[in-house]
Structures are given as structure tokens and as C-alpha cells.
Amino acid sequence: MAMKAGVVGAAGFAGMELMRLLSAHPDFQLVAITSSELAGQRAADAYPAFEGVCDLRFLSHDDAALDACDVVFLAVPHTAALAAAPGFLERGISVVDLSADFRLKDPAVYEQWYKVPHTQKDLLARAAFGLPELSGDELARVATAHAAGEAVLVACAGCYPTATSLAAAPAVRAGLVREGAPVVVDAVSGVTGAGKKATQRTHFCFADANLEAYGVGTHRHTPEIEQILGMPGRVVFTPHLAPLGRGLLSTVTLPLSDDAPRDIEHYRALYRRAYEGSPFVAVLGDGAMPRTASVAGTNRAHIGLALSEPAHALVAVCAIDNLGKGAAGQAVQCANIVFGLPQDAGLSGVSLSV
């Protein structure tokens, strides 16, 4: 019997992607979608792509129909999940949160970067971090708890931290990065990563034919990357906005220790071993670098590696779809794990080749 799923905040970009994935999922049945702006409207009227695919109407966020769900996906801004998650958990409904509210393990760090008090500190210890390739133990813990009848909470990794950490983690965890050296991250995202509401930066007339850095030295994903990699105070993260709808490319420069190998094949072999069990991560061959178009519309991540010989540094590049592996696809992958399903259930799509 299909497990019932709801999406809170379904009218946003990540919420729409969740609707698309869950509508075709073999094991989850999408039964409730919410939007404060579009409550009462048919999803297919607001977004014609869902005609003949999803006949649901948007509900208010507090609609009782959500109580019939086995799992609720929160595709909401930060602080909104702090208010919503506890109620669902108390009613026995598992929560997969796409916001930042439960990602940072130290509430003081959350408060420093998000400038609001963390009001659900007790839930931080319960939450599993949702980046399956790198936090498998945490997800296994909550999967066991869920199998025992407990409602569980998963805090999905952000889009920039996902691509950046997948690119950097194998080398970092193998102890090959120079002790104390800064790790430089230059990452580029499509406009959907900035959310649905247009701003002066994301409005078509300003974003088209333009590339710019933003949040330089202040972006809130910095502490999340540092937490994943175990590198507090060492990540120099600069995000950029590109004139494309979806896609994210992160280039990570990792200074290597003096005794680290100087053979690129050593690093490719290391990365392939690290991701051997993942159905979604591919390490590309000699001379190949990732393209965002190659993963668009999927939950896949492509990684390319190169050595900068004079600087003795590893350059690791990862491409993901910011709405796929960076948001909705990753959330479904985490839910699959929690509910004892194959990781790739409902996520087996291949990107368009051109």
C-alpha cells in the first residue's frame, strides 16, 4: 500500500519539483499540497504541466488533510519549519525539511548566521542530516527509529553544500588536504536557487545575460559546508548567480599536504571508492569536467577532478540540479531511505542530452 505524502509550500520551485517527483513515485502517494498564496486553486490551473498528472488543489498550511500523511515535506523558508515541524512529529507524521532550520547542529551557529533564535533546540539532536552519500549513518539511525514506529525528522542539506561537499569530502576525509589551509569554493547557481519571488537581482531583465557574485563572505551556507567537512573557519565560499533556470556548479580548490600523491588517477580511484554504493554520483574520466545540462531534471551529481601541479592542489568540480539533488530530489532520496525503499525509487530519470 502506498505511503501518503504531503508537501507544505508546494507552490515554490522546490515544492513544484517535489510534486513532480511524488506524482510519479511508485511507493508514495501525493495526497496534500499547500500554499498560502494559491489555496483553493487546482495545481494544474496554476501550473499547466500538472494537467492529467496531479488533480489536487492547494490547501492552507493548517488543513486537516495533512494529518492523513505518513510523511510531510517542508518546502518552506527558514523559521517556518521551526514552527511547523514539532506539530507534525507530535501527531506521528515524519518530516523531511528542505529548509535550513535543523541543518546546523549548534544552535548558536544558526542564530549567528540566520539572526533569529532557534526555538526547537530539542529537535536538533533528533534530526538526521540529509546528504545520503556523506551522512548515511544518521539516516540509518532514523530509518531504524521509523521502522520501530517513531515519527522522525530529516534536515536535508542545502544545494551549495551538497555540490561542494560531494566534491571535497573524499579528499578531506582521507586526510590529504593541507592542515589549516583555506579551502576555496567558487559556485554558480541558476536563478531558481534564489526562490520564486523576483527581486532586483533575479528579475529576468537584470539576470539575463549577466553573471555576478553575491553574499561574498557572508553566505549562510558557509557554516553548513564547514560542518559537513569538519573545517570550521577554513571555507572561503563565493556564490554566483548565472542566467539559467536550474543547475549548480561548484568548483573547490583543495590545497594538498606535502606528502599527498601527485597522480590524478589516485584521486579518481579514491573518489570512485567513496561513492561506489551511490546510485547518483558519477566520477568522470580523464579530462572530463561536469556540465549542469548533463544532470538537469535529475538527482544525479557529476564530479570531475584535476591537479594544479605548481600549487599542489586538487581541483574538484561537481554539477547538480539545484532543484534536484540540491533540494527536492535529495528530499525524496532521504524519504526513500527512511521508509526502507531503494534510494533511487522514483528518481531514475536521465537528463535531456541536448
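Lys325 is buried in this predicted model, its relative accessible area being 0%, which places it below the 20% limit under which a residue counts as buried. The residue belongs to helix α11, which spans residues 324-338. Two polar contacts involve its side chain: one with the side chain of Glu133, at 2.8 Å, and one with the side chain of Gln333, also listed at 2.8 Å. Once neighbours within four places in sequence are left aside, the surroundings of Lys325 include Leu131, Pro132, Thr162, Leu166, Asn299, Arg300 and Ile320.

Some of these names lead on to other parts of the model. Leu166 is among the residues with the most contacts inside the largest nonpolar core, a set of 47 residues in which Leu254, Tyr271, Tyr275, Leu305 and Leu314 are likewise listed. Helix α7, residues 159-173, gives the most to this core, contributing nine residues. Apart from that core lies another, of 45 residues, among them Leu21, Phe50, Ala75 and Ala328.

Leu314 shows what the setting of one such core residue looks like: not counting residues up to four places away in sequence, Leu314 touches, among others, Ala171, Val252, Leu254, Ile264, Tyr267, Tyr271 and Leu305.

Ile320, for its part, leads to the sheet, where it is the bridge partner, in β14, of Leu248. The sheet is open and has seven strands in the order β9-β10-β8-β11-β14-β13-β12, with mixed pairing. Because β9 (212-213) and β12 (281-283) stand at the edges with a single partner strand each, one side of each is left without a neighbour in the sheet. At the β9 edge, two bridges join that strand to β10 (residues 235-241) in an antiparallel arrangement, with Ala213 opposite His240. Helix α7 packs on the sheet and touches β8, β10, β11, β12, β13 and β14, and its direction makes about 30° with that of β11.

Within the sheet, β14 has pairings with both β11 and β13. Its pairing with β11 is antiparallel and extends over eight bridges, whereas seven bridges, again antiparallel, join β14 to β13, where Ile303 stands opposite Cys318. The strands β13 and β14 form a hairpin with four residues between them, and His312 in the turn has a positive phi of about 50°. As for exposure, β14 is mostly covered, since seven of its eight residues are buried.

Key: Residues numbered from 1 in each chain as written. Predicted model: local features only at pLDDT ≥ 70, side-chain atom pairs only at ≥ 80, totals over all residues. Heavy atoms only, no water. Core = buried A, V, L, I, M, F, W, Y, C linked by side-chain atoms within 4.5 Å. Buried < 20%, exposed > 50% of the residue type's maximum accessible area, 1.4 Å probe, protein only. Contact = heavy atoms within 4.5 Å. Pairing = 2+ DSSP bridges. Axes fitted to C-alpha atoms, helices over the stretch in contact; angles between N-to-C directions. Polar contact = N/O pair within 3.5 Å; in protein donor to acceptor, adjacent residues only side chain to side chain.
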